[in-house]
Amino acid sequence: MLEQIDQLGTKAKSDLAGVSDADSLEQFRIKYLGTKGEIKGLMSQLKEVPPQQKPQFGQRANALRAEIQTLYDRRKTELGADAKSSDGPLLDATEPGLAPRLGRTHVITQTMDDLIEVFGRMGFEVAIGSEVEDGYHNFVALNIPEDHPARDPLDNFYLEGSGSGQPTQHLLRSQTSTIQIRVMETTEPPIRVIAPGRVYRPDEHDATHSSMFHQIEGLYVDRKVSMADLKTTLIQFAHAYFGSKAEIRLRPSFFPFTEPSAELDIKMCVKDKWDWVELGGCGMVDPNVFKAVGYDPEQWTGFAFGLGIERIAMRKYGITDIRWLYENDVRFLRQF
Ligand code: FA5
C-alpha cells in the first residue's frame, strides 16, 4: 500500500513536468489535488490498509499532498500566476505601462528656492553659515546682553562641554542673524545678502512652532539706508511672492540688534478666518552691531530682517499645521 503512494507521487511529478500552459495546469490540479482527485482519494483507501500500517500510510499521504501542492503552486507562478485559461495572451504588450512616480523637491526647499529668486531679482546675493555657532556670533556680536533670556540654556540647544553662556560656547544656532555677523566680518560694505537656513530652538511643538525650522535673513548695508527702504523691500517681496493683493504691516517691537525694530505681519486665512500672522522680525541695524564687526556707524547704515520660511510656505499654500511639513507623508508632499 505504501508503494502505491510512492508510485502516485512519481506519476504526479512526471505529469507536472509536462504541463506547459494554464489549461493543462488546471487539468493537473483537478486530477491530483481536486476534491475527487487521486491524492485526496488516497485517504478513502485508508480503511483497506492493515491497522499497523495506518499511521504510516496517513503520514505519507499527507506529505505527498503537501509536496505536490507546493510544486503545483510554483509551476502556477512560473506560468503567469493566476491565469485560469490560455485563451488569449497572458501579457498584453500593448497596455500602456505604469509610469514610475518621480520624487520632487520638498515644499520647504521649493519655498527657499523661490525666495532666493525673488530677493535675487532685487539684487540680494545668497550667503550661508554654519548650523553650529559660537555664543559670540549667536549673541554677543548681536548686542544680546549676557543676562538676556534669549541666552538661557532652556531656550537654546547648547553643545556640551564648552562653558555655559560663554562667548566660546557652541550651540545649534537659534537664528540666521548669526550670518549677518559672519558676512560683515569678512566683507566691506555695501552689502546686500539673504541667508536661508535651519535654526533650532527647544520650543513646544504645535501647529505653528517646531524645534527645528528655517529662517531667511536679509541684510542691506550702505550709506543712508532708511526704514523706508526696509518697508519698500518687504512690500515688494510680499507682492512678488504672494501676489499684488498681499497685505503686510509692521508692528513696533524690540530686538537687541536693531533699532528701531518691528515685527512683520501678513494677512492670512486661518481656519476660515482672515487674520494677521507674524512672518518675522526686522529693523535698522543697531550701531553696536556695526561696532562689533568693525564698521563705523557714523558712515554706514543698514536694515536687517529675519523671516520664518515655514510660516511663509504655510501662508502661500494654505498649510494649517507646521508638523505636516516634517512628517514625510507622500500624500501631503505630492501636492506641491
Ligand atoms: C528672530 O529670530 C530674529 N533674528 C529676526 C530678526 C532678524 C529681527 C533681523 C530683526 C533683524 P523671531 O524670534 O521673532 O526673530 O523669529 C523670526 C520668525 O521665525 C518668527 O516670526 C517666525 O516666523 C519664525 N519662528 C520663530 N520661532 C519659530 C518656531 N518655533 N517654529 C517655526 N517658526 C518659528
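This is a short talk about helix packing, ring pairs and a few unusual backbone spots in one protein structure.

Hi everyone. Before anything else, please keep in mind that this is a predicted model. I'll start with helices, then go on to aromatic rings, and finish with the backbone.

So, helices. Two packed helices are described by the angle between their axes and the distance between the axes. Let's try that on helix H1, residues 2-17, and helix H4, residues 54-78. Their axes are 10 Å apart, and the angle between them is about 5 degrees. Angles under 35 degrees count as roughly parallel, and H1 and H4 are therefore roughly parallel to each other.

Which residues make this contact? On the H1 side you'll find Leu2, Ile5, Asp6, Leu8, Gly9, Ala12, Lys13 and Leu16. H4 brings Gln56, Phe57, Arg60, Ala61, Leu64, Glu67, Ile68, Leu71, Tyr72 and Arg75. Sorted by class, the contact of H1 with H4 holds 11 nonpolar residues, two polar ones and five charged ones.

While we're in this part of the chain, have a look at methionine 43, which belongs to helix H3, residues 38-44. Methionine 43 has 33% relative accessibility, so this residue counts as partly exposed. If we skip its neighbours within four places in sequence, methionine 43 touches Gly58, Ala61 and Asn62. Ala61 is also one of the H4 residues in the contact with H1. To get a feeling for distances, compare methionine 43 with leucine 219: they are 176 residues apart in sequence, and their C-alpha atoms are 88 Å apart in space.

Now a second helix pair, H8 (residues 227-242) and H10 (residues 309-317). Their axes come within 11 Å and cross at roughly 45 degrees. Why are H8 and H10 called oblique? An angle between 35 and 65 degrees is neither roughly parallel nor roughly perpendicular, and H8 and H10 are therefore oblique to each other. In this contact, Phe237, Tyr241 and Phe242 of H8 meet Ile312, Arg315 and Lys316 of H10. By class, that gives four nonpolar residues, two charged and no polar.

One of those meetings deserves a closer look. Lysine 316 lies over the face of tyrosine 241, 4.3 Å from the ring centre. Elsewhere, arginine 192 does something you can picture in a similar way: its charged end sits over the ring of tyrosine 220, 4.6 Å from the centre.

That brings us to rings. How many aromatic pairs does a search of the whole structure find? It finds 15. Ring pairs also link Phe119, Phe124, Tyr220, Phe237, Tyr241, Phe242, Phe303 and Phe305 into a cluster. You have already met Phe237, Tyr241 and Phe242 in the contact of H8 with H10, and Tyr220 under the charged end of arginine 192.

Let me show you two individual pairs. Phenylalanine 255 and phenylalanine 257 form a tilted pair, with 5.7 Å from centre to centre and 35 degrees between the planes. Both phenylalanine 255 and phenylalanine 257 are buried. The other pair is tyrosine 317 with phenylalanine 336, and this one is edge-to-face: 5.3 Å centre to centre, with 70 degrees between the planes. This pair links distant parts of the chain, 19 residues apart, with tyrosine 317 in helix H10 and phenylalanine 336 in the segment after helix H11 (330-333). Are these two buried or exposed? Tyrosine 317 counts as partly exposed, at 29% relative accessibility, while phenylalanine 336 is buried, at 17% relative accessible area.

Last stop: the backbone. A cis peptide bond joins proline 189 and proline 190, with omega about 5 degrees. Proline 190 is in the loop between helix H7 (177-186) and strand S5 (191-200). Another cis bond runs from glutamate 259 to proline 260, with omega near 0 degrees, and proline 260 lies in strand S8, residues 258-270.

Finally, two asparagines. Asparagine 143 has a positive phi of about 65 degrees, although it is not a glycine. You'll find asparagine 143 in the loop between helix H6 (135-138) and strand S3 (157-158), and it is partly exposed, with a relative accessible area of 26%. Asparagine 328 also has a positive phi, near 55 degrees. Asparagine 328 sits in the loop between H10 and H11 and is exposed, with a relative accessible area of 54%.

Thanks for listening!

Terms used
Residues numbered from 1 in each chain as written. Predicted model: local features only at pLDDT ≥ 70, side-chain atom pairs only at ≥ 80, totals over all residues. Heavy atoms only, no water. Axes fitted to C-alpha atoms, helices over the stretch in contact; angles between N-to-C directions. Helix = DSSP H or I, 4+ residues; strand = E, 2+ residues; numbered from the N terminus. Parallel < 35°, antiparallel > 145°, perpendicular 65-115°, else oblique. Contact = heavy atoms within 4.5 Å. Nonpolar A, V, L, I, M, F, W, Y, C, P; charged D, E, K, R; others polar. Phe/Tyr/Trp six-rings, centres within 6.5 Å; stacked < 30°, edge-to-face > 60°. Buried < 20%, exposed > 50% of the residue type's maximum accessible area, 1.4 Å probe, protein only. Lys NZ or Arg CZ within 6 Å of the ring centre and 35° of its normal.
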